[in-house]
Amino acid sequence: KKWHTDHDHATNKLRGILCSNCNMALGLFKDNCDLMLKAVKYIEKYKSLSGIIDIVHPQADCIPDIMT
């Protein structure tokens, strides 16, 4: 595994050490907890359904409010 230092983009202060996937995920969510929680709710809603294709893209900023 490759490790990366994670930092707060607003303060530039070091937060910790993360694997590259987790560090990239936080960056893609722009450290926005609301967007991350929407993505979690989306996954939890559909994790018990198999073989279902949803027309809503799972990207956090694409999840409409009706999905949350």
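Modeller: Let's start with a term we will need: a polar contact is a pair of N or O atoms within 3.5 Å. Keep in mind, too, that this is a predicted model.

Biologist: Thanks! With that cut-off in hand, what does a side-chain oxygen of Asn32 reach at the start of helix 2?

Modeller: The backbone nitrogen of Asp34, to within 2.9 Å. That pair sits at the start of helix 2.

Biologist: Before we go on, in what order do the elements run from the N terminus?

Modeller: The order is β-β-α-α, so to speak a list of two strands and two helices.

Biologist: How do I read the length of helix 2?

Modeller: The general idea is to take 1.5 Å times one less than the number of residues. Helix 2 covers residues 33-46, and its 14 residues should span 20 Å. The end C-alpha atoms are 20 Å apart, which agrees with that expectation.

Biologist: Now the strands. In which sense do strand 1 and strand 2 pair, and over how many bridges?

Modeller: Strand 1 (residues 3-7) and strand 2 (residues 14-19) pair in the antiparallel sense, over five bridges. To see the register, find His7, which stands opposite Leu14 in strand 2.

Biologist: How many residues lie between strand 1 and strand 2 in the hairpin?

Modeller: Six residues lie between them. In the turn, look at Asn12, whose phi is positive, at about 65°.

Biologist: And how should I read side chains along a strand?

Modeller: In a regular strand the side chains alternate between the two faces of the sheet. For a case here, take two residues of strand 1: Thr5 and Asp6.

Biologist: Is Asp6 buried or exposed?

Modeller: Buried counts as under 20% relative accessible area, and Asp6 has 7%, so Asp6 is buried. Setting aside residues up to four places away in sequence, Asp6 touches Lys13, Leu14, Arg15, Gly16, Leu18, Asn23 and Leu26.

Biologist: Which residues does Thr5 touch, with the neighbours up to four places away left out?

Modeller: Those are Leu14, Gly16, Ile17 and Asn23. You can also check a distance from Thr5: its C-alpha atom and that of Ser20 are separated by 9.1 Å, with the two residues 15 apart along the chain.

Biologist: Stepping back, what share of the protein chain counts as buried?

Modeller: Of its 68 residues, 12% do. The chain exposes about 5600 Å², and carbon and sulfur atoms supply 60% of that area. As for contacts between residues at least 6 apart in sequence, 17% join residues at least 24 apart.

Methods:
Residues numbered from 1 in each chain as written. Predicted model: local features only at pLDDT ≥ 70, side-chain atom pairs only at ≥ 80, totals over all residues. Heavy atoms only, no water. Pairing = 2+ DSSP bridges. Helix = DSSP H or I, 4+ residues; strand = E, 2+ residues; numbered from the N terminus. Contact = heavy atoms within 4.5 Å. Polar contact = N/O pair within 3.5 Å; in protein donor to acceptor, adjacent residues only side chain to side chain. Buried < 20%, exposed > 50% of the residue type's maximum accessible area, 1.4 Å probe, protein only. Areas by Shrake-Rupley, 256 points an atom, 1.4 Å probe, with all protein chains shown as cover.
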